[in-house]
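Here are my notes on this model, point by point. Please read them with the coordinates open.

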Amino acid sequence: MFVDTHCHIDSYERHAGESFDALLARLRDDGDPNIELPEAFIHVACDPADFERARELSEKYPNVYAAYGIHPEYVDTETPDDEARMLEYLKHPKCVACGEFGLDYHYDPESRPRQIALFERHLQLALTSGKPIVLHLREADDDALAVLRGANIRNKNIHVHCFTGTPGFAEALLALDANIYIGFTGIITFKNAQNVRDAAAIVPDSRMLLETDSPYMAPIPYRGKPCHSGYIPYIANKLAEVKEKPVEEIYRQVRENTRRCYGI
C-alpha cells in the first residue's frame with residue numbers, strides 16, 4: 001500500500017475534467033497493473049482561495065488529509081488575512097501539515113528579496129503551528145539553505161516536495177538539523193532528469209517519499225497528460241531501479257516514512 005503524499009485534487013478535477021469520485025471509481029477498475037488506487041491522499045491547498053475546498057474534501061473522504069500553505073507565486077498578492085485564515089485551517093483535525101510554501105525563482109527571479117522575506121515569515125508560522133512542514137524549493141538552493149539554517153528546525157519533520165535539484169542540494173538538505181524527507185514525483189522518469197535520479201541514489205531509503213504533485217508532471221509514458229495519484233507505481237518502479245532494490249521494499253520503506261513524517 002502507498003500514500004500519495006502530495007497532490008492537488010481540485011486542480012486535477014479542473015485540468016482533467018473528471019471528478020474525484022469518477023477518478024476513484026476508475027482506479028478501482030483499471031486494468032493497468034501499473035495504475036493503483038492509493039491507500040490515502042494528502043491534498044495540498046497552497047492558494048488561499050482553495051482552503052475551504054480542501055477542508056470539504058478532507059471531511060468528505062476518510063482517506064483524504066489536507067495541508068494548508070501559501071505558494072511563493074502569491075508573494076505579491078497574499079494578505080495578513082490569508083495568513084490568519086491559514087492558521088485557523090491548520091487547526092482542523094484532518095490537517096496533517098503546513099505547506100506548501102518556500103521559494104521559486106523559475107518565473108520571477110526579480111522577486112527574490114520579497115520571496116525570502118515571505119519564506120522566513122511562513123516558516124515561523126509553520127513552526128508555531130507544530131505541524132510537519134511542506135516546502136516548495138525551485139532554483140533557489142542557496143537562499144533556501146540560508147533561511148533553513150537560520151531557523152530553529154531541530155527535530156521538525158520537513159517534506160521537500162517534488163525534488164528537482166542536484167545530489168549536492170539533497171545532501172545539504174539532509175545535513176540540516178531536522179527530519180528532512182525528499183519527495184520524488186514523475187519527474188524521476190523523465191529522460192532529461194538524470195540529476196533527480198542521481199539525487200535519489202544518494203538519499204537514504206528512510207528519507208524518501210512518494211508523491212505525484214497531481215495534476216502536474218505525469219510520469220512516462222503519460223507525460224503531458226493530467227497526472228493522478230494512481231500513477232505512483234511508475235514512480236516507485238523507477239525509484240526501485242535507481243536504488244537497485246525490489247519495488248516491494250521501496251513501498252514498505254516509504255510507507256513507514258510517510259507514517260513517521262505525517263502520522264498517517
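Which are the buried residues of helix H1 (residues 9–16)?

1. Helix H1. The buried residues are Ile-9, Asp-10, Ser-11, Tyr-12 and Glu-13. Please keep in mind here and below that the model is predicted. The buried residues of H1 pack against three strands and two helices: strand S1 (3–7), strand S2 (40–45) and strand S3 (64–68), with helix H2 (20–29) and helix H3 (51–60). After H1 comes Gly-17, with a positive phi near 65 degrees.

2. Overall fold. The chain holds 10 helices and eight strands. Its radius of gyration is 17 Å; a compact globule of 264 residues would have one near 18 Å, so the chain agrees with that rule. Along the principal axes, the C-alpha atoms fill a box of roughly 50 × 40 × 30 Å. Buried residues make up 59% of the 264. Take the contacts between residues at least 6 apart in sequence: 70% of them join residues at least 24 apart.

3. Surface and charge. The accessible surface comes to about 11100 Å². Carbon and sulfur atoms account for 49% of that surface. The chain carries 29 positive and 42 negative charges, and the mean positions of the two sets are 4 Å apart.

4. Main core. In soluble globular proteins, nonpolar side chains tend to be buried together. Here the largest nonpolar core has 65 residues. Those with the most contacts inside this core are Tyr-68, Phe-163, Leu-173, Ile-180, Ile-182 and Phe-184. Helix H5 (residues 112–129) supplies the largest share, six residues. Which residues does Ile-180 contact, leaving aside its neighbours within four places in sequence? They are Ile-158, Val-160, Leu-173, Leu-174 and Arg-207.

5. Another core. Apart from the largest core lies one of 17 residues. Its members include Cys-7, Leu-24, Leu-27 and Tyr-231.

6. Val-196. This residue lies in helix H8 (residues 194–202). Val-196 has a relative accessible area of 2%, so it counts as buried. Beyond four places in sequence, Val-196 touches Phe-163, Thr-164, Gly-165, Phe-184, Ile-187 and Ile-188. Phe-163 and Phe-184 were listed above among the residues with the most contacts inside the largest core. Ala-144 is 52 residues away from Val-196 along the chain, and their C-alpha atoms are separated by 18 Å.

7. Cis peptide bonds. Most residues other than glycine have a negative phi, and most peptide bonds are trans. Two bonds deserve a look on that score. The bond from Gly-99 to Glu-100 is cis, with omega near 15 degrees. Glu-100 belongs to strand S4 (residues 95–104). The bond from Ser-214 to Pro-215 is also cis, with omega near 15 degrees. Pro-215 sits in the loop between strand S8 (208–210) and helix H9 (232–243).

8. Positive phi. Glu-139 is not a glycine, yet its phi is positive, about 55 degrees. Its place is the loop between strand S5 (133–138) and helix H6 (141–149). Is Glu-139 buried or partly exposed? Its relative accessibility is 48%, so Glu-139 counts as partly exposed. Asp-213, likewise not a glycine, has a positive phi of about 55 degrees. Asp-213 lies in the loop between S8 and H9. Asp-213 has a relative accessible area of 8% and is therefore buried, the cut-off being under 20%.

9. Ser-214. This residue is in the loop between S8 and H9. With a relative accessible area of 4%, Ser-214 is buried. How far apart in space are Ser-214 and Cys-7? Their C-alpha atoms are 4.7 Å apart, although 207 residues separate them in sequence. Not counting residues up to four places away, Ser-214 touches His-6, Cys-7, His-8, Tyr-12, Cys-227, His-228 and Ser-229. Tyr-12 is one of the buried residues of H1, and Cys-7 is a member of the core of 17 residues.

10. Ile-35. The loop between H2 and S2 holds Ile-35. At 7% relative accessibility, Ile-35 counts as buried. Ile-35 and Ser-229 are 194 residues apart in sequence, with their C-alpha atoms 8.6 Å apart in space. Ser-229 is also one of the residues that Ser-214 touches.

Definitions and conventions: Residues are numbered from 1 along each chain as its sequence is written. This is a predicted model: local features need pLDDT of at least 70, side-chain atom pairs count only at pLDDT 80 or more; totals for chains, interfaces and linings use all residues. Side-chain values use heavy atoms; hydrogens and water are left out. A nonpolar core is a set of buried Ala, Val, Leu, Ile, Met, Phe, Trp, Tyr and Cys residues joined through side-chain atoms within 4.5 Å. Buried means under 20% relative accessible area, exposed over 50%, partly exposed in between (1.4 Å probe, protein chains only). Helices (H or I, at least four residues) and strands (E, at least two) are DSSP runs, numbered from the N terminus. Contact means heavy atoms within 4.5 Å. The radius of gyration is taken over C-alpha atoms; the globule rule is 2.2 Å times the number of residues to the power 0.38. Accessible areas come from the Shrake-Rupley method with a 1.4 Å probe; for residues, only the protein chains shown count as cover. Lys and Arg count as positive and Asp and Glu as negative; His and the chain ends are not counted. The place of a charge is taken as NZ of Lys, CZ of Arg, CG of Asp or CD of Glu.
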